[in-house]
Amino acid sequence: MKKRIVLAMAALAVGSAFAQAKPWHSIGRDATPAEVKAWDIDVRPDFKGLPKGSGSVSKGEEVWEAKCASCHGSFGESNEVFTPIIGGTTKADIERGRVKNLEQGSTFPQKTTIMKVATVSTIWDYINRAMPWNAPKTLTTEEVYATTAYLLSLAEIVPADFTLSDQNIAEVQKRMPNRNGMVFYEPLWKVNGKGDVKNVACMKNCPVDEKIHSSLPDFARDAHGNIQEQNRVIGPVRGADTTKPAPASMPAKGAAAAAPVVVAAAGGAGDVKGLLAANACTACHGVTNKIVGPGFNEILVKQKGQANLEDYLVGKIKSGGSGVYGSVPMPPQPQIGDADARTIAKWIAAGAK
């Protein structure tokens with residue numbers, strides 16, 4: 001009996017200590033291997049995490065025109081919605097691994113993605129996890145390889161008949177124009193390494209430069225519609241309300257930051273603005289003005305008198321198209337359900353107000 005009591009008391013003591021050390025022990029559960037695998041999609045510069053597969057430049061051009069060109073231009077050169085991806089590199093840069101136009105004293109007007117990125121894995125990883133803009137993570141492995149290959153061909157890193165794969169991507173890395181432009185601090189890459197602890201930057205009571213050094217001219221502030229309404233529904237929501245004048249000075253110290261505008265997906269058939277935001281339609285279309293594609297009112301004016309207008313608009317929303325409003329194609333939007341596409345079409349046909 002005595003022995004049993006001692007054992008019971010020991011068990012209680014261990015249990016009590018364990019509970020004090022880990023009060024969260026009984027909360028939640030371990031992630032399953034399948035759940036971990038679904039999130040563990042990053043690709044490192046040494047290509048660990050890169051899935052097996054391949055994709056050709058020609059296939060990438062097809063994917064690009066259908067899903068990417070509307071924001072980035074057919075040749076990755078557009079500066080309309082996002083900073084250009086391609087441009088500013090030369091064959092000499094590819095040979096030495098440093099981009100001349102990034103050096104001090106350069107007057108090259110625009111810093112492109114391909115000028116700055118040091119590793120091809122960064123391009124592959126970003127396309128895989130974040131593109132296309134309105135439907136991230138929907139590209140197949142082949143499409144990611146192909147799209148990456150197409151961009152590399154535009155920068156003349158690979159030839160036009162090239163097929164990028166997990167077998168040759170390390171060789172392609174040796175031709176990245178800015179591969180030697182990245183500072184490598186070895187301890188940060190080691191599991192047991194020490195961080196960069198030799199920093200001499202001011203970390204306490206630092207002087208603050210409160211001048212505004214960069215701003216858009218008044219005529220350009222709202223030229224492409226209200227930036228605040230053009231945020232993705234994935235990730236943090238940021239963006240100034242460009243329907244209002246720019247602030248004349250920096251916010252006072254301690255002033256509360258403006259609350260972020262969160263646009264929810266449509267909760268009912270009449271919530272068209274929510275539908276437009278949830279599907280990133282307002283990233284390319286204003287109500288009355290062109291952004292990348294025409295304004296919704298411009299569509300109505302051009303299609304006035306169209307037989308079965310609602311059906312026509314539903315078809316365009318779902319299947320995309322090109323040539324009606326210029327050379328920039330509208331990618332198909334298969335993620336929009338038939339009922340939601342019909343709601344948007346009715347709204348446009350009724351005057352888009």
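Visitor: Before we look at T112, what counts as a helix here?

Guide: A helix is a DSSP run of H or I with at least four residues, numbered from the N terminus. Keep in mind that this model is predicted. T112 itself sits in the loop between helix 5 (91-96) and helix 6 (113-116).

Visitor: Is T112 buried or exposed?

Guide: Buried means under 20% relative accessible area. T112 has 3%, so T112 is buried.

Visitor: Which residues does T112 touch, leaving out those up to four places away in sequence?

Guide: Its partners are P84, I85, I86 and G87.

Visitor: How many residues of helix 7 are buried?

Guide: Helix 7 spans residues 120-130, and 8 of its 11 residues are buried, which makes the helix mostly covered. Among them are I123, W124 and I127.

Visitor: What do the buried residues of helix 7 pack against?

Guide: They pack against helix 6, helix 8 (141-154) and helix 9 (169-173).

Visitor: Now for a helix pair: at what angle do helix 13 and helix 14 cross?

Guide: Roughly 125°, with the axes of helix 13 (residues 309-319) and helix 14 (residues 338-349) coming within 8 Å. The two are therefore oblique to each other, and helix 13 passes helix 14 in a right-handed crossing.

Visitor: Which residues make the contact?

Guide: Helix 13 contributes residues including L309, L313 and I317, while helix 14 brings A341, I344 and I348, among others. In an α-helix there are 3.6 residues a turn, so residues three or four places apart point the same way.

Visitor: And how do the contact residues divide by type?

Guide: There are 9 nonpolar, no polar and 6 charged residues in the contact of helix 13 with helix 14.

Methods: Residues are numbered from 1 along each chain as its sequence is written. This is a predicted model: local features need pLDDT of at least 70, side-chain atom pairs count only at pLDDT 80 or more; totals for chains, interfaces and linings use all residues. Side-chain values use heavy atoms; hydrogens and water are left out. Buried means under 20% relative accessible area, exposed over 50%, partly exposed in between (1.4 Å probe, protein chains only). Contact means heavy atoms within 4.5 Å. Axes are lines fitted to C-alpha atoms, for helices over the stretch in contact, and angles run from 0 to 180 degrees between N-to-C directions. Angles under 35 degrees count as roughly parallel, over 145 as roughly antiparallel, 65 to 115 as roughly perpendicular and the rest as oblique. A crossing is left-handed if the near helix is turned anticlockwise from the far one by less than a right angle, and right-handed if clockwise. Ala, Val, Leu, Ile, Met, Phe, Trp, Tyr, Cys and Pro count as nonpolar, Asp, Glu, Lys and Arg as charged, and the others, Gly among them, as polar.
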